[in-house]
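Reader: Hey, can you walk me through this one? I'm new to reading structures, so plain answers please.
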Amino acid sequence: MVVVLFGVSLFVFAIMMIIPPGRRAAIYVTQEKITPDQMNAMIKKYGLDDPAPVQYVRWLKQILSGNFGYSVTASAPVIEGFKTYFPITLELVLYATPLIILVGIWLGTIGAVHKDKPLDHATRVFAIIGYSLPTFWLGLILLMIFYGYLGIFPPGYLSNKGKDILFSPAFKRYTYILTVDAVLNWRWNIFWDALYHLALPTINLILLNSALILRLMRSSMLEALGQDYIRTALAKGADKRTIYNIHARRNAMIPVITISGILFAGLLGGMVITETIFARDGIGLWMARAALQMDVPAIMFNVLFLGTVFVVFNLIVDVVYAYIDPRIRLA
Amino acid sequence: MQKLIETRDIYTDFFTFEGVVKALNGVSIIVNQGETYGLVGESGCGKSVTVRSIMRIVQSPGRIVDGKILLFLSLEDKEQGIDILKRSEAYMESIRGNDISMIFQEASTSLNPVLSIGYQVAESFLLHRLDEMLKETIDTLKGEIESGKFFIAGWWKKFQEFLFKAELDGLEKYTEMVAGIDKRLYELEDAADKASIDERNHLNRKRDRLRKTVPVVQFVRHLPFIKHYGKKLHKTIRIHVVDLLKELGVANPHNVVDMYPHELSGGMQQRIVIAIALACHPKLLIADEPTSNLDVTIQAQIIDLIKILKNTSIASVLFITHDLGLVAEMCDRVTVMYAGDACETAAVKDLFKEPLHPYTKGLLRSVPKLKAQKELESIPGTVPNLIHPPSGCRFHPRCPHAKDICSGDKPPLIEYSEGHFIACYLYI
Ligand SMILES: Nc1ncnc2c1ncn2[C@@H]1O[C@H](COP(=O)(O)OP(=O)(O)OP(=O)(O)O)[C@@H](O)[C@H]1O
Ligand code: SF4
Ligand SMILES: [Mg+2]
């Protein structure tokens, strides 16, 4: 794991080195115009054309001591920016991912159990819609229907009234995850307010992402149902429910878990379009701005963060595997 | 002799993309109570499909399209038998693993890799012996409550007892209702008028809908902490599982119940599969090539085990193999199959002494004998494709005695001498 993280850091550093020293020097520039001499002085001062290994070690030292630099787009140190934006993304991901997985597994099972029957076709239509619709289109349609016509589920992450309370000193931020903090502060109005704003993006994410899990679950469930041990269970006199729920599903879950881990980690990296459309100030939106404005420290930090997240999730997936599949438990 | 199961002209087809595979072409066999019945034939001749049809577990895209499968289980149906093709799925579930059990070709893939051995065997008890297990658990609990010194634990035990009793009550009601439905269905068995058929369908659907479980118990089962009361039942069953495994010669049964299939050797796996099948003392054990992937010594052990079990705990065995030696060793009567046809049925002695069907003769000549000097013969040609099977006698393209009539209609099964049945135009 440490090796993988080391690789990630090297990769991130390599990306950074592609940018010529002059451009990187621009990060430290505060005034509008600067002469080439000043530029060279800057490069020298920060050692931007030192040999790569020297720069790498220097960079790594800074990272390890927790200094990730200053983010222009967040107008704050990168860490501070991360603290403001990340919880908003995390909250959406925490609500959406379990639902995506549940919906996917549920519909996938239905599809497999009723193979080639109308219910199966219905899940297929659902999957095709999820696969083929562009995120922005579906998001806009949802906003149009719910917010535009019905006047419910507004964009943003909290109403203005809610924000007043949120930023008042009486409201303590324990976790920075809104709904959790609301409960901890015993402010149920904030809690419902936050959920109300979470609804649409969550539905959007479910529609878009559960298709993948659904199709995977369907095919792996079908595969499990064709195995010899299902025949043994049948010969034992087991009823359909037992066969689906106990004998087939556990085996069918194994590939689904891998994808679920990747999905969770991927969503944590930010959902640029979803967050833009629903005006949620998360990592995705921040990254989009950072990319447009060459906010290198912010981008670096997030790439590094995402790499770490993926590594950690691989580990978690392995642990869950071992829980489900005894053959791995021993090895 | 009393019949146990009879199939009359079953046709089973597989509806594949390439076409309809006519896997069984009117197979008729009769297994009597107490006998070991052999089913032999080349690979792909439909032995497995025959026994799966008997259990009604033909996997999709297969379907039994015609015929009758009669069961003669309890006293009242000794006469006419129950046609299981007319019964509900729930009825079949109550028969499978209880009255008819099956063990399979590949033990390693027949066990579920993610469930413990203990659970997989226990499931047989849970499915068919739940009432006895519940009664036993209630008895143990009663004993514990009476001798109980712990105040709170006592209340917890009383609560457990209450839940188990509720479950037992529900189960008894279920059994009673099901028995009523089955009795009525038996009366309606051969009825052909519309009203009776409607009633029969209605009753079958009703039986499928009935649930063994009591809603309250089901609800409690999902509550956190309280749901652990069920462990008591599993403890009771575990004792039975360990006993059963011990009986079947599994070393260290106490440890084995907590293991998973991949931790066991092939021979042990097959013993577990046998344990699952024998848990409820079936009247018929179907063994579908139970030793084909084991090495020779283990093979001998498993065969010996089946022989011993045959004498002690199972009434009849339907034994599938392509090993004629095993047939001679194990079976009383045997049916030779070829490409979905049951060609010849006879007592084992008669078949080896006086084979009638040209295919049987060929099969016997292709078996190595110790004394024989001659080269082994093989039957020319290959097993036909069953999507477009040969007309008439399916063996006619390979048969040295084929006549014109052979490619016309299917030869009828006739009794040539007592107990010796044959389907071949040479003997008509
Ligand atoms: N799932 C299936 N789909 C299509 N055809 C099938 C299927 N299962 C069996 N069959 C057909 O049924 C025929 C009989 O198969 P079966 O498995 O009963 O043979 P068998 O006698 O048991 O052979 P073996 O000794 O190899 O086990 C085969 O020719 C095969 O083509
Ligand atoms: S019926 Fe005809 S083809 Fe078939 S085995 Fe007898 S002689 Fe041969
Ligand atoms: Mg077979």
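Author: Sure, and keep in mind that this is a predicted model. Let's begin at the ligand: one of its contacts is with C45(B), where a polar backbone atom is 3.3 Å from an oxygen atom of ligand 1.

Reader: OK, and which atom of V49(B) does an oxygen atom of ligand 1 sit 2.9 Å from?
Author: A polar backbone atom of V49(B). With Q105(B) the contact goes through the side chain, since a polar atom there lies 3.4 Å from an oxygen atom of ligand 1.

Reader: How much of ligand 1 does the protein bury?
Author: The protein buries 73% of the 630 Å² that ligand 1 exposes when taken alone.

Reader: So how many residues surround it, I mean ligand 1?
Author: There are 16, and the closest are S43(B), G44(B), S48(B), V49(B) and E289(B). By type, the shell around ligand 1 has six nonpolar, seven polar and three charged residues.

Reader: Which element gives the most to that shell around ligand 1?
Author: That's α1(B), with three residues. Both α1 (47-55) and β2 (20-32) of chain B supply at least two residues each.

Reader: Switching to chain A. At what angle do helices α10 and α12 of chain A pack?
Author: About 145°, with their axes 8 Å apart. Helix α10 covers residues 188-225 and helix α12 covers residues 240-268.

Reader: And is the crossing of α10(A) and α12(A) left-handed or right-handed?
Author: Right-handed. The residues of that contact divide into 18 nonpolar, four polar and one charged.

Reader: I clicked on T84(A). Where does T84(A) lie?
Author: In helix α5 of chain A, which spans residues 78-113. A polar atom of the T84(A) side chain is 2.8 Å from the backbone oxygen of E80(A). The backbone oxygen of G81(A) also has a polar atom of that side chain 2.9 Å away.

Reader: What separates the C-alpha atoms of T84(A) and D239(A)?
Author: A distance of 52 Å, and the two residues are 155 residues apart along the chain.

Reader: Last topic, strands. Do β11 and β12 of chain B pair in the parallel or antiparallel sense?
Author: Antiparallel, over three bridges. Strand β11 is residues 414-417 and strand β12 is residues 420-422 of chain B.

Reader: Which residue in β12(B) does E415(B) stand opposite?
Author: F421(B). The hairpin of β11(B) and β12(B) has two residues between the strands, and G419(B) takes a positive phi near 75° there.

Terms used: Residues numbered from 1 in each chain as written. Chains lettered and ligands numbered in written order. Predicted model: local features only at pLDDT ≥ 70, side-chain atom pairs only at ≥ 80, totals over all residues. Heavy atoms only, no water. Axes fitted to C-alpha atoms, helices over the stretch in contact; angles between N-to-C directions. Helix = DSSP H or I, 4+ residues; strand = E, 2+ residues; numbered from the N terminus. Left-handed = near helix turned anticlockwise from the far one by under 90°. Nonpolar A, V, L, I, M, F, W, Y, C, P; charged D, E, K, R; others polar. Near = heavy atom within 4 Å. Polar contact = N/O pair within 3.5 Å; in protein donor to acceptor, adjacent residues only side chain to side chain. Areas by Shrake-Rupley, 256 points an atom, 1.4 Å probe, with all protein chains shown as cover. Pairing = 2+ DSSP bridges.
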